[in-house]
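Thank you all for coming; today I would like to talk through the covalent and charged links between side chains in one structure. Please have a look at the sequence and the model first.

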Amino acid sequence: MHVFQRTGLALATAWAALFCPTSQAQTTVPGVVFIHGTGDQTVSSATTGYWTQSSIDTMRGGRPYLIVGYPGATCAGFSQCSWGPIVDQIVPWATANKITSLTLITHSNGSSPVRYMLGHTGAISAKGNSVSAVTSKISQVIFSAPDLTGTPLADKVTTSGSFLNIANSVVEFFGGGSYNNPAVLQQRQDNMRVYNSDGTFAGTRGATSVGGKPISVVRGSKVYANLFSSDAHCAGYLYSVGLKAAALLGWGSFNASTDGFIGSDSSGYFGNIIIDDERLNHHQSRRSCHNSGVIIGKKVLNTSIPAPSEQTWTPETNVQAAGLACNNYASGWALDYMKNYNVWKYGCSDAQARGTALEPDCLISYGKSAGYSIPSTASWNPFLNRAYYPSWTEVCPDSWHGDGICDACLVAKYGFDAAVGSTGADDCVMAPRGGSNFCGSLAWDDVYKRHDYSVVEALH
């Protein structure tokens, strides 16, 4: 009887050991670490000013997370003062929270210190932590808008020592305006060619993993030209304006599509591209715009996500471009406040929008007409026809940017009309309900019987 009891107890103990492991053995705690780009950020500023809490919560997939702050401007990505503080923040956090695996999410030049760490696992931080203490826990890396081969913008500002007239909102991506800081110099294309070839930064062209760690890439391939839609206003309209200007000047990339700051040739140097969205500019890629945060969150959890070619959504607005801001799509008589008599606004009817004739207000209201698209400075653009400006000494001068009038001709030239470097409302931002804004466009002057550039008040 006693033997049977002891035998039963032994079997029960063996069963428990095999099928009911201890809580310590069966617990796995995956965590997420967010690493910002160029800029000297504290944990607080990186959280509230760089990523924002709502974006962080969208991307982390419900997992424990760490926001890293480090001198991302005054230290190049390969310097110990860059990757070292990242390691020194991750190691104690992972230990305290019993984190067993890590997903690293970086933005912009935040990819550089991570690439250094992946290629130098034996490096030691200033506080004595080994890089391997972090890399051994990495399960995947998600690079958002990574600068993997450099950007012409870094070439431009470090050569000329100035940022010319690009909007102040873009200067932030260089650490706030100190153009010749180490991180910006590191991002010069000639320097990145050296760092990519001599082993400073790990990762080779076309690879989908580095050091055995899978690499995913989130990137935008254009700066959305419809600056009057919620697409462009996501995360801040002025960022879209500045990045659009940089893209138009070719400063995001000389020979490839761009998010306004990083060219697709740089962001796509290696890694598995999981988002390749024409609407996602450089700033928006850190703010979860256009469903990017949701997809990143799914990737964090290793759940299924659609291929980039299948990531399509209904446009966020039905009426595009200046049609939304200035009602240029509507035909009818309107008071030209500069002449104080009525003129006939062309507008853009459904028939005109579908027609084969080039209609000026269709070009502005919907971004395209008769096969042509904004922006363009081509001679066929009716807004650049001198004959349409009998009352003006210049045809659509750039001095009209930021003059308080939403000028349709500037939208046709550049895709936007805004005061460069402005921190206030731009000319073509839609007024609130019950408000109004002034809009300049081509119209028929019935007094002088001619086409002319007229300014009318659009009510909202």
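Asp452 forms a salt bridge with Arg450, the closest N and O atoms being 3.7 Å apart, where a salt bridge is a side-chain nitrogen of Lys or Arg within 4 Å of a carboxyl oxygen of Asp or Glu. Before I go further, this is a predicted model, in which local features need pLDDT of at least 70 and side-chain atom pairs count only at pLDDT 80 or more, while totals for chains, interfaces and linings use all residues. Residues are numbered from 1 along each chain as its sequence is written, and side-chain values use heavy atoms, with hydrogens and water left out.

Asp452 is buried, at a relative accessible area of 0%, whereas Arg450 is partly exposed at 28%; buried means under 20% relative accessible area, exposed over 50%, and partly exposed in between, with a 1.4 Å probe and protein chains only. This pair belongs to a network of salt bridges that links Asp336, Lys339, Asp445, Arg450 and Asp452.

Which residues does Lys339 pair with in this network? One is Asp336, with the closest N and O atoms 3.8 Å apart, and another is Asp445, where that distance is 3.0 Å. Asp445 lies in strand S13 and Lys339 in the loop between strand S8 (332-336) and strand S9 (341-345), so this bridge ties together parts that are 106 residues apart in sequence; helices (H or I, at least four residues) and strands (E, at least two) are DSSP runs, numbered from the N terminus. Asp445 is buried at 0% relative accessible area, and Asp336 is buried at 1%, while Lys339 is partly exposed at 23%. The salt bridges in the model come to 11.

Let me turn to the disulfides, which count as pairs of cysteine sulfur atoms within 2.5 Å, and of which there are 5. Strand S13 comes up again here, with Cys439 in that strand (residues 436-445) and its partner Cys326 in helix H16 (residues 321-326), 113 residues apart. Their sulfur atoms are 2.2 Å from each other, and the link is left-handed, with -90° about the S-S bond.

Cys234 and Cys289 are also joined, S to S 2.0 Å, in a left-handed link at -95°. Cys234 is partly exposed at 23%, whereas Cys289 is buried at 1%.

Finally, Cys396 and Cys409 have their sulfur atoms 2.1 Å apart, and because the torsion about their S-S bond is about 95°, this disulfide is right-handed. Both of these cysteines, Cys396 and Cys409, are buried.
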